[in-house]
Amino acid sequence: MKILKLKENRDFRRVYNKGKSYVSPYFVVYINKNRFSDIRLGITVGKKIGNAVKRNRAKRLITAAFSAVLPQILVGYDFVIVARTKILTVKSTEVLSSLVKILKSVGMLENKENEKSSD
RNA sequence: GGAGUCGGUUAGACGGUUGCGGAUAGAAAUAUCUGAGGAAAGUCCGAGCCCCGCAGGGCAGAAUAGCGGCUAACGGCCGCCGAGGGUGACCUUAGGGAAAGUGCAACAGAGAUAUACCGCCGUAAAGCUUGGUUUAUACCUUGAAGUGUUUUGCACUGCCUUUACGGUAAGGGUGGAAAGGCGAGGUAAGAGCUCACCGGUUUCACGGGAACGUCGAAACCCUGUAAACCCUAUUUGGAGCAACGCUGAGUGUGGCUAUACAUUUGCCCGAUGUGCCACGAAAAGCGGCUUGAGUGUUGGGAGCAAUCCCGCAUUGAGAUAGAUGACCGUCCACGACAGAACUCGGCUUAUCGAUCGACUCAAAAA
RNA sequence: CGGGGUGUGGCGCAGUUGGUAGCGCGCGACAUUUGGGAUGUCGAUGCCGCAGGUUCGAACCCUGUCACUCCGA
């Protein structure tokens, strides 16, 4: 399953205005329902983070973490993840566990039994 | 070994699992190959490529500024000359014109591109002085104590003071800079006024391909500033891949007009073209896009060098919200600065280190 | 990709035909008040973003560079 990406500015603005936000030390997640049965992801990395190399690294870390949890995420939602400066100082495993923690508390992850039974 | 100068190379490596962009094969799953830099950065120059209702002239504007070479081109590079710095290796250098003209030179100083305050000298006028002791010499006082004569006087000379007019630029505490410097002659006093020497500029001669150089000759309007205006020489149409082309969609409303508008720094003339401007609606996709002044070469040749020629090998990103990540293992110096966006040549800036080569200085030892 | 602008005391700004760097607010001390505020007097605070150069002399002129910011496509 591939990740569809948000591209247009108006999509981002709709998620910022209508969606709910959840904060971690490394990033902020905005979640909003969409009209499709897809999962769409947008990543925002501002100039505050650093130069082009640092911004690219932040994007890759978020993409890697998101694709790791992708099979368990409920469909039909738009996600926008905004990177914060601290994300450059940690390893990818911490980003992943932090993302899992947030999504689980919100209830966006499917239960693990399906995963186990599939195994 | 110490201190230092210059230049080059490199920019973690290997293996595994799992993901991303591109190409090829395939109906598909998938497989194979390949995938960021020395600066990819800043966007400071120069080009290719490409487009513009032709790009023609003039004025303004802008850029460059020793000479020669290299290059597609350059404001870049190489070599050389001049100037400055360093004991030296070597480094720095916008380095045309001040004798076309204009401007500026604060404070200080008499005076700042010429001046005359003090001083020195000349002329004229006015004033003051020429005393005391002594036979005399001499002594005292004084800025100075002279001469003639008919000797309580008069005249002249000299000294001093003041004023006026003129000469002068030797000297004067300033200043970054005071008519290039210094000595002699000369003069009433002085002065490149004259002369010798030294410096500078220009012209000629000689040497060099040229900048330039010279115990050469002559002339001379000899403060500094042109990164002040300016003058001289050379260059300059503009715009940039969000260029531009194709497909698709759309071609509505309002205003301005031919004495108009456009041709992308301003103005004038010329030339060419015919609508132009604003608002609204809308939608994007594909090409351009990577074989190119390409990359490598302890192969050969030319050249001091930059660089060029020949040969051989090779094809090494092409994304479009924008591709290299994550995890594990081993080793080491424990990994800095940093991400292609049409493409090249330079410049500048950032950078943890590692390593190689050439050379200089000082001291010691052999 | 192209074109501009700014950088000066803690903050906001002046000052650029080159000649000793200023204003307002803020800060400190003193006076005034029973005390505070307001007011008055006095004072401190600057390598004029950084590095070179031109000049006797640079915040100002020139070159390079860094940061911030605006505009157009």
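At what angle do α2 and α3 pack, and how far apart are their axes? Hold that thought while I get the setup out of the way.

What we have here is a predicted model, where local features need pLDDT of at least 70, side-chain atom pairs count only at pLDDT 80 or more, and totals for chains, interfaces and linings use all residues. As for bookkeeping, residues are numbered from 1 along each chain as its sequence is written, chains are lettered from A and ligands numbered from 1 in the order in which they are written, and side-chain values use heavy atoms, with hydrogens and water left out.

Okay, the overall fold. Chain A has four helices and five strands, and from the N terminus the order is β-α-β-β-β-α-β-α-α. Those elements are DSSP runs numbered from the N terminus: helices are H or I with at least four residues, strands are E with at least two. Of the 119 residues in chain A, 37% are buried. By buried I mean under 20% relative accessible area; exposed is over 50%, and partly exposed is in between, with a 1.4 Å probe and protein chains only.

Back to the opening question. The angle between α2 and α3 is about 50°, and their axes are 9 Å apart. That makes α2 oblique to α3. The axes are lines fitted to C-alpha atoms, for helices over the stretch in contact, and angles run from 0 to 180 degrees between N-to-C directions. Under 35 degrees would be roughly parallel, over 145 roughly antiparallel, 65 to 115 roughly perpendicular, and the rest is oblique. The crossing is right-handed, so the near helix is turned clockwise from the far one by less than a right angle; anticlockwise would be left-handed.

Now, the RNA. There are 13 residues around RNA strand B, and Lys 5, Asn 56, Arg 57, Arg 60 and Ser 92 come nearest. "Near" here means that a heavy atom of the residue lies within 4 Å of the strand. Sorted by type, that surface has three nonpolar, four polar and six charged residues. In that scheme Ala, Val, Leu, Ile, Met, Phe, Trp, Tyr, Cys and Pro are nonpolar, Asp, Glu, Lys and Arg are charged, and the others, including Gly, are polar.

Which part of the RNA does the protein see? Among the strand B atoms within 4 Å of the protein, 79% belong to sugar or phosphate, and the rest to bases.

Some individual contacts, then. I'm calling a pair of N or O atoms within 3.5 Å a polar contact; within protein, one must be able to donate a hydrogen and the other to accept it, and residues adjacent in sequence count only if both atoms are side-chain atoms. A polar backbone atom of Ala 52 sits 3.2 Å from a phosphate oxygen of strand B. The side chain of Arg 60 has an N or O atom 3.0 Å from a base oxygen. For Ser 92, a polar side-chain atom is 2.2 Å from a sugar or linking oxygen. Two elements, α2 (52-69) and α3 (92-106), each give two or more residues to this surface, and α2 has the largest share, with five.

Lys 5, one of the nearest residues, is in strand β1, residues 4-5. Lys 5 is exposed, at 58% relative accessibility.

Last, a few loops. Thr 89 is between β5 (77-83) and α3, and counts as exposed because its relative accessible area is 66%. A polar side-chain atom of Thr 89 is 2.7 Å from the backbone oxygen of Lys 86. Ser 24, in the loop between β2 (20-23) and β3 (27-33), is buried, at 4%. The Ser 24 side chain has a polar atom 3.1 Å from the backbone nitrogen of Tyr 26. And Lys 47, in the loop between β4 (39-44) and α2, is exposed, at 75%.
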